[in-house]
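Thank you all for coming; I would like to walk you through one structure this morning, so please have the sequence and the view open as I talk.

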Amino acid sequence: MRVLGLLYVVLRAICWANAASHSLKYIYTVVTGDTDSPEFIIRGLVNDEQFVQYDSNIRRMIPQTEWMEKSVDKQYWDNQTQKALYAHQIFKDNIGIAVQHFRSTQNVHILEWIVGCHYNDETGDTGGIERYGYNGKYFLTDEMKTWHFIPPAQQLFISAVKWNPAVLENDKQYQTQICIQSLKKYVSYRSTLERTVAPEVSLLQDSSSPVITCHVTRFYPRDIMVTWQRNGEDLDVDVELGETVPNEDETFQTKSHLRVKPEDWKSRNYTCTVQHKSVKRSIVLPVREENIKKNTDIKRRASSSASSCVLAVFILALAVIAIVI
């Protein structure tokens, strides 16, 4: 049992560490020679998930995830596209330098630069990511930066090629400040748009009304589908869908009304079905006596609660006056 307990602690620590650690990387790749791929590509990755891309065929930075597409405006994409166009020219010059430097006879040449950062939102630790590569061979990695000696061939290559283009400002400043800020922003975008809260569904009815209300509340995100069925078939008539409105806790609520006689829903199988992103299966609530809350009972409970609150405040006020006296 102790071994199992220790294994659980270790696994939980690993999972928590992975959840707390985040990374942002941009991979710049330029290709020359006989190939069908675009000459220049930029791929951006958050936690190893690609969220943006630019290539020389499209000539525009575009989103690769829904959360990124919904989080920024047109000006962001225009600015990123201009930076990518500028970087494209720099990398075309760089691969020309690399080909001359190595004097390779192969037909296809690939020059790559990986730059970015990582941080841990529990420990606060941060760090830079940087790697230079040519034809699959990396010339300077994060580990090599701690070495006391770099081979002359690598030093010559690194100094000859114009790394750190102006699109990314100063290299050190980018990795330690700008990149970390961007990473936190993108993680926030993703967590906000991917947050889901399952809806609470209930049936309401006034005792004197033939209308049954399917009340759906405390769900997130906003998009939701509420439908009525009779004996398994969708109903379109005698159905009125209410507006989706926000709650105070940043969730949403909506209502759908069905006009049906009591003797009808008691003799047939009526259901309210709710479909939402937060649940894998639809929530189906049968229209039965035990599932219907009477609005008069709800109002009576609310009134009783309000009266109790007023009485409590009154007693508290008397207690304060007594203490002062």
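Two strands count as paired when DSSP finds at least two bridges between them, and the strands themselves (E, at least two residues), like the helices (H or I, at least four), are DSSP runs numbered from the N terminus. This is a predicted model, in which local features need pLDDT of at least 70 and side-chain atom pairs count only at pLDDT 80 or more, while totals for chains, interfaces and linings use all residues. Residues are numbered from 1 along each chain as its sequence is written, and side-chain values use heavy atoms, with hydrogens and water left out.

Let me begin with the hairpin. Strand β5 (residues 109–120) runs antiparallel to strand β6 (residues 126–134), and 9 bridges join them; Cys117, for instance, has Gly128 in β6 as its bridge partner. Between β5 and β6 there are 5 residues, and Gly124 in that turn has a positive phi of about 85°.

Now to the interior. A nonpolar core here is a set of buried Ala, Val, Leu, Ile, Met, Phe, Trp, Tyr and Cys residues joined through side-chain atoms within 4.5 Å, where buried means under 20% relative accessible area (1.4 Å probe, protein chains only). The largest such core has 34 residues, and those with the most contacts (heavy atoms within 4.5 Å) inside it include Leu24, Tyr26 and Tyr186. Both β5 and β6 are among the elements that each supply at least two residues of this core, although α3 gives the most, with 7 residues. Apart from it lies another core, of 19 residues, among them Trp228 and Cys272.

Notes
Buried < 20%, exposed > 50% of the residue type's maximum accessible area, 1.4 Å probe, protein only.
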